[in-house]
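Thanks for making the time this morning. I would like to walk you through one part of a fold, strand by strand, and then turn to its aromatic rings.

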Amino acid sequence: MDGKMKVTFLGTGTSHGIPVIACKCPVCTSSDPRDRRYRSSLLVETENTSIAIDTGYEFRLSMIRAGATKLDAILYTHSHSDHLMGLDDVRVFTKDRVLPVYGNSGTLEDVVSKFPYAFRRVECPKGIPQLEAHPLEPCVEVMIGDIPVIPVPLMHYRLPIYGYRFGDFAYLTDVSHIPQAGMDVLKGVRILVLGALRERPHIAHLSFGEATDIARKLGVEKCYFTHINHETGYNEINRRYEPLCSSAYDNMVLEV
């Protein structure tokens, strides 16, 4: 991979999004645009290659907001609805080609079962996405365009999922535990994105404190929280956890 990689946070919220429907809490009614969060997703770009990680409910809106005009592949962390259900909107990128979709084997089985029509070859696809599933082995690097990708094995409570490492940057969302194999893959990461749901513990997600402990253990230069719920606002998270950890926000851009 030559040169800089651009990372855009398409969404940084948990499964409800923020504001939550019918909620009048201080975060959901905040006037700070950084407290408004689509479901979590990421766009990774070089000059030649563009990869989306997950396609949540607002995928179309987030890609428009980010000014995205190109997509070469999709990486899935797992197949929960808030990370998947915008998949049909990738059809604009498959008018004259088949788009590869990557993830672990269990995730891809779920994706195909929920969007079977997108994985069937038809003579006249019209508005149907044209996708092809490519299972990835944990900890084994693959090249997607000019971007090296290493799947990082994680646990989302009892569900085996993937995070992804790109050079000295890694993106891990919906994680409650990182097995030793995953920690080994993450050695040397400089910039880390970690799913951190809230201050309080949760059975299937890291808390802010647990995520901070992992960032310290890995010795990263900077950690950004994502997949955040509505209990704590952007400014309050940063007040508590900077300088090592900060809250990411929707449409935030990093050059890594």
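Before I begin, one definition: two strands are taken to pair if DSSP finds at least two bridges between them. Please keep in mind as well that this is a predicted model.

With that in place, let me start with strand S11, residues 191-195, which runs parallel to S12 and is joined to it by five bridges. Within this pairing, Gly195 stands opposite Thr226 in S12. To get from S11 to S12 the chain passes through helix H4, residues 208-218, and this β-α-β crossover is right-handed. S12 also pairs with strand S13, residues 245-247, again in the parallel sense and over three bridges, and here Tyr224 is the residue opposite Ser246 in S13.

Now, is S12 buried or exposed? Five of the five residues in S12, which spans 222-226, are buried, so the strand is largely enclosed by the rest of the structure. Both of its faces are covered, with Lys222, Tyr224 and Thr226 buried on one side and Cys223 and Phe225 buried on the other. On the first of those sides, the charged end of Lys222 sits over the ring of Tyr224, 5.7 Å from the ring centre.

Turning to the aromatic rings, the count comes to seven aromatic pairs. In one of them, Tyr162 and Tyr164 have ring centres 6.1 Å apart and planes at 80°, so the pair is edge-to-face. Tyr162 counts as buried at 4% relative accessibility, and Tyr164 is buried at 0%. Finally, Phe225 of S12 forms one aromatic cluster with Phe208 and Tyr241.

Conventions
Residues numbered from 1 in each chain as written. Predicted model: local features only at pLDDT ≥ 70, side-chain atom pairs only at ≥ 80, totals over all residues. Heavy atoms only, no water. Buried < 20%, exposed > 50% of the residue type's maximum accessible area, 1.4 Å probe, protein only. Helix = DSSP H or I, 4+ residues; strand = E, 2+ residues; numbered from the N terminus. Right-handed = clockwise from strand over helix to strand, strands pointing away. Phe/Tyr/Trp six-rings, centres within 6.5 Å; stacked < 30°, edge-to-face > 60°. Lys NZ or Arg CZ within 6 Å of the ring centre and 35° of its normal.
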